[in-house]
Amino acid sequence: MNSTLLIAIIVLIAAGIAAAIYYRPKKPRRFESLYTDALNAIVRGDSKNALKLLRDVVKQDTNHINAYLQMGEILREQGNSQQALKIHQSLTVRPNLDDDIKIDIHRSLALDYLSVDNLIKSKQEAEFILKLEKRNTWALEFLLDIAERERDWIRAANLAKEIQKIKQQQDP
């Protein structure tokens, strides 16, 4: 009688362990791996999957600024510039960001505003970048492009001279 009870208890314990192993919740993938997978999806041109993976990253780590930046870039490329603007604007209020990250955020905002044809705000974002980094060639070239669009030839000429000085090139 005791051996039957002992065998029944052992079988129940084994079944419980097997069920616990089989039905245990799967660990969420670490966000670094998800972010890498998202970047790979971007490179492959699979923006839908990349966006899904980036959303998973920011769910696990709300401080992953680069994931937010990439999400905004994808949304803008898909024609959802207003959503990209919201994401990138939300990043500007984050405390303790280093200047390189601030530059990336404001570059994205400049492109977002440009995509919705708001040249005034777009220029303001590029000028903000120049306050952070005086010799930022991206911002200068961006402002030059806008000056040419607006046919502001004096401003365009000044920007072109400044770019040439920084790049140490002569281009009449």
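## An exposed loop residue to start with

At 80% relative accessibility, N96 counts as exposed. N96 sits in the loop between α5 (81-91) and α6. Its backbone is worth a look too: N96 has a positive phi of about 60 degrees although it is not a glycine. Please keep in mind as you read on that this is a predicted model.

D117 makes a good companion to N96. For D117, phi is again positive, at about 60 degrees, and D117 is not a glycine either. You will find D117 in the loop between α6 and α7. With a relative accessibility of 66%, D117 counts as exposed, because the cut-off for that class is over 50%.

## The overall fold

What does the secondary structure of the protein chain come to? There are 9 helices and 0 strands. Read along the sequence, the pattern is therefore written α-α-α-α-α-α-α-α-α, with helices taken as DSSP runs.

Now for the overall dimensions. The C-alpha trace of the protein chain spans about 100 × 30 × 30 Å along its principal axes. The radius of gyration of the protein chain is 26 Å, whereas a compact globule of 172 residues would have one near 16 Å. As for burial, 33% of the 172 residues count as buried.

## Salt bridges between helices

Side chains of opposite charge can pair when their charged atoms come close. How many salt bridges does the count come to? The count comes to 8 salt bridges.

One of them joins D112 and R76, whose side chains meet at 2.5 Å, N to O. D112 lies in helix α6 and R76 in helix α4 (residues 65-77), so the pair ties together parts that are 36 residues apart in sequence. Are these two residues buried or exposed? Both D112 and R76 are buried. The pair also belongs to a wider arrangement, as E73, R76 and D112 are linked in a network of salt bridges.

## Two further salt bridges

The side chains of K123 and E150 meet in a salt bridge of 3.1 Å, N to O. K123 lies in helix α7 (residues 119-132) and E150 in the loop between α8 (137-149) and α9 (153-167), so this pair ties together parts that are 27 residues apart in sequence. K123 is partly exposed, with a relative accessible area of 23%. E150 is partly exposed as well, with a relative accessible area of 37%.

A salt bridge within one helix is found at K52 and D56, where the side chains meet at 3.5 Å, N to O. Both residues lie in helix α3 (residues 47-60), and they are 4 residues apart, about one turn of the helix. D56 has a relative accessible area of 22% and is partly exposed, because buried means under 20%.

## Surface patches

Two patches on the surface deserve a visit, one charged and one nonpolar. Which residues form the negative surface patch? It is formed by D98, D99, D100 and E133. Among them, D99 has its place in helix α6 (residues 99-115). D99 counts as partly exposed, at 37% relative accessibility. This value fits its place in the patch, because patches are made of residues with over 30% relative accessible area and no salt bridge.

The nonpolar surface patch covers about 480 Å² and is made by L5, I9, I13, I17 and I21. I13, one of these residues, lies in helix α1 (residues 2-23).

## Distances across the chain

Two C-alpha pairs help to relate sequence to space. D37 and Q89 are 52 residues apart in sequence, and their C-alpha atoms lie 25 Å apart in space. D37 has its place in helix α2 (residues 31-44), and D37 is partly exposed, with a relative accessible area of 25%.

The other pair is E162 and A110, which are 52 residues apart along the chain. Their C-alpha atoms are separated by 20 Å. E162 lies in helix α9, and at 33% relative accessibility E162 counts as partly exposed.

Note on methods. Residues are numbered from 1 along each chain as its sequence is written. This is a predicted model: local features need pLDDT of at least 70, side-chain atom pairs count only at pLDDT 80 or more; totals for chains, interfaces and linings use all residues. Side-chain values use heavy atoms; hydrogens and water are left out. Patches are made of residues with over 30% relative accessible area and no salt bridge: like charges are joined within 9 Å, nonpolar side chains (Val, Leu, Ile, Met, Phe, Trp, Tyr) within 5 Å. Accessible areas come from the Shrake-Rupley method with a 1.4 Å probe; for residues, only the protein chains shown count as cover. A salt bridge is a side-chain nitrogen of Lys or Arg within 4 Å of a carboxyl oxygen of Asp or Glu. Lys and Arg count as positive and Asp and Glu as negative; His and the chain ends are not counted. The place of a charge is taken as NZ of Lys, CZ of Arg, CG of Asp or CD of Glu. Helices (H or I, at least four residues) and strands (E, at least two) are DSSP runs, numbered from the N terminus. Buried means under 20% relative accessible area, exposed over 50%, partly exposed in between (1.4 Å probe, protein chains only). The radius of gyration is taken over C-alpha atoms; the globule rule is 2.2 Å times the number of residues to the power 0.38.
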